[in-house]
Amino acid sequence: MRVAFPAALSRVAIVALLCAGCSPVYVVRAGIEEAKILSRRRPIADVLKDPATDARTRARLDLVLQARSFAQHELGLNTGESFTTYSWVDSDTLLMVLSAARKDKFEQYTWWFPIVGRVPYKGFFDFDDAFDAARELERAGYDAYVRPSGAFSTLGWFNDPLLNTVLRYGDVSLASTVIHELLHNTIFVPSQIPFNESFANFVGDRGAIVFFCTRNGESSPQCTQARNAWADNLVFGDFLSRLIGELEALYERPGLSASDRIRLREDVFGAARQRFQTEVRVRLRTNAFRDFGSEPLNNATLIATRLYYDRLHLFEQAFIRHSQDFRSTVAWIQDLARRNTNDPFGALEQALKSR
């Protein structure tokens with residue numbers, strides 16, 4: 001799972017004093033972990049020249065530089081100096097990300113951070129702190145969800161190093177992640193996290209298709225894998241949208257108490273699991289979503305997942321409307337979002353209807 005800067009609150013040197021919602025311990029721990037990352041940075045060019053670098057790492061780093069160059073020169077994204085350095089962290093998981101929501105209403109719990117506004121997640125370098133915070137929210141009556149993350153973006157404020165936690169990804173996921181994070185460097189609409197993450201998901205995964213299919217050829221395994229990954233995103237996004245719509249209809253049904261809504265939502269969850277197995281899973285081309293429903297479902301898990309799959313069909317429609325000119329599509333959506341920061345999704349939908 002990839003998260004943007006507010007989830008990690010990592011580059012705290014500039015914003016820590018402004019972060020009224022962060023405890024001193026939280027800020028100090030984030031600063032310590034960030035200092036470790038920065039102190040271990042090495043230019044990727046130097047790592048590639050180092051004879052001690054193994055062949056697999058060398059190939060992965062070279063792919064990162066190529067994906068970065070593609071994002072800069074072919075898509076016009078703001079790369080800065082991001083992903084020009086490499087840093088090692090000791091754990092396979094960089095941080096844990098906490099999300100929460102009301103049980104009886106599809107309403108997310110949010111945290112406020114400087115610059116980016118309110119966000120529906122919070123990252124923890126101390127894993128125990130993440131689970132402690134989740135239990136505290138659960139005691140207060142919220143659904144909570146803690147998930148691992150191996151990548152994040154500082155939205156262009158700092159030069160993000162490539163972390164070894166990302167190198168374990170396959171070729172397609174690795175290239176997609178680099179492009180995804182560089183889109184965050186280029187545009188991040190304050191307090192519009194679902195738009196930001198879903199747009200970055202589109203740019204990363206659609207971008208990986210363009211990258212591999214032009215670089216390696218239409219018949220290459222990477223081109224096929226990238227196409228399959230994006231196709232699955234669209235299928236899963238449609239399924240998720242229907243499930244959330246059913247929950248919202250339940251929660252808004254008049255005459256139900258909070259306990260009634262919580263009880264009846266289990267029927268919606270059960271029907272969704274069954275529908276996924278019989279109607280959705282058979283349409284998937286990859287293994288990305290095949291474990292859906294194996295873990296408990298609640299409003300927090302659904303909100304956290306929806307961040308990356310919200311209305312993906314709108315981005316795909318924009319791509320088709322622009323005659324599958326990917327760079328023009330990305331630039332057009334960015335322009336819309338910058339001119340409609342209060343509701344970029346609404347602006348996109350309206351613009352597509354009017355074209």
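This report describes aromatic pairs, helix H12, strand pairing and the nonpolar core of a predicted model.

Residues are numbered from 1 along each chain as its sequence is written, and side-chain values use heavy atoms, with hydrogens and water left out. Because the model is predicted, local features need pLDDT of at least 70 and side-chain atom pairs count only at pLDDT 80 or more, while totals for chains, interfaces and linings use all residues.

**Aromatic pairs**

The structure holds 21 aromatic pairs. Rings of Phe, Tyr and Trp (its six-membered ring) pair if their centres lie within 6.5 Å; planes under 30 degrees apart count as stacked, over 60 as edge-to-face and the rest as tilted. Two of these pairs share Phe-292.

| Pair | Centre to centre | Angle between planes | Class |
|---|---|---|---|
| Phe-236 and Phe-292 | 5.6 Å | 70 degrees | edge-to-face |
| Phe-239 and Phe-292 | 5.2 Å | 90 degrees | edge-to-face |

Phe-236 belongs to helix H10 (residues 221–251), whereas Phe-292 lies in the loop between helix H11 (258–280) and helix H12 (299–306), 56 residues apart. Phe-239 also lies in helix H10, so its pair with Phe-292 ties together parts that are 53 residues apart in sequence. Helices (H or I, at least four residues) and strands (E, at least two) are DSSP runs, numbered from the N terminus.

Phe-236 is buried at 2% relative accessibility, and Phe-292 is buried with a relative accessible area of 15%. Phe-239 is buried as well. Here buried means under 20% relative accessible area, exposed over 50%, and partly exposed in between (1.4 Å probe, protein chains only).

Elsewhere, ring pairs link Phe-195, Phe-199, Phe-202, Trp-230, Phe-315, Phe-319, Phe-326 and Phe-345 into a cluster. The charged end of Arg-311 sits over the ring of Phe-345, 3.9 Å from its centre; the criterion is that NZ of Lys or CZ of Arg is within 6 Å of the ring centre and within 35 degrees of the ring normal.

**Helix H12 and its surroundings**

Helix H12 is largely enclosed by the rest of the structure, because six of its eight residues are buried. These are Asn-299, Ala-300, Thr-301, Leu-302, Ile-303 and Ala-304. They pack against strand E4 (95–102), strand E8 (142–149), H10 and H11, where contact means heavy atoms within 4.5 Å. At the N-terminal end of H12, Asn-298 acts as a cap, with a side-chain oxygen 2.8 Å from the backbone nitrogen of Ala-300.

Strand E8 likewise has six of its eight residues buried, so it is largely enclosed by the rest of the structure. E4 and E8 pair in the antiparallel sense over eight bridges, and Ala-101 stands opposite Asp-143 in E8. Two strands pair if DSSP finds at least two bridges between them.

**A three-stranded sheet**

An open sheet of three strands follows the order E2-E3-E10, with mixed pairing. Strand E2 (42–43) and strand E10 (162–163) are its edge strands, each pairing on one side only. E2 and strand E3 (residues 85–87) are antiparallel over two bridges, and Pro-43 stands opposite Thr-85 in E3.

**Nonpolar core**

The largest nonpolar core (buried Ala, Val, Leu, Ile, Met, Phe, Trp, Tyr and Cys residues joined through side-chain atoms within 4.5 Å) has 106 residues, and those with the most contacts inside it are Phe-199 and Val-203. H10 supplies the largest share of this core, twelve residues. Leaving aside residues up to four places away in sequence, Val-203 touches Leu-75, Leu-77, Ile-179, Leu-183, Ala-208, Phe-326 and Val-330.

Key. Polar contact = N/O pair within 3.5 Å; in protein donor to acceptor, adjacent residues only side chain to side chain.
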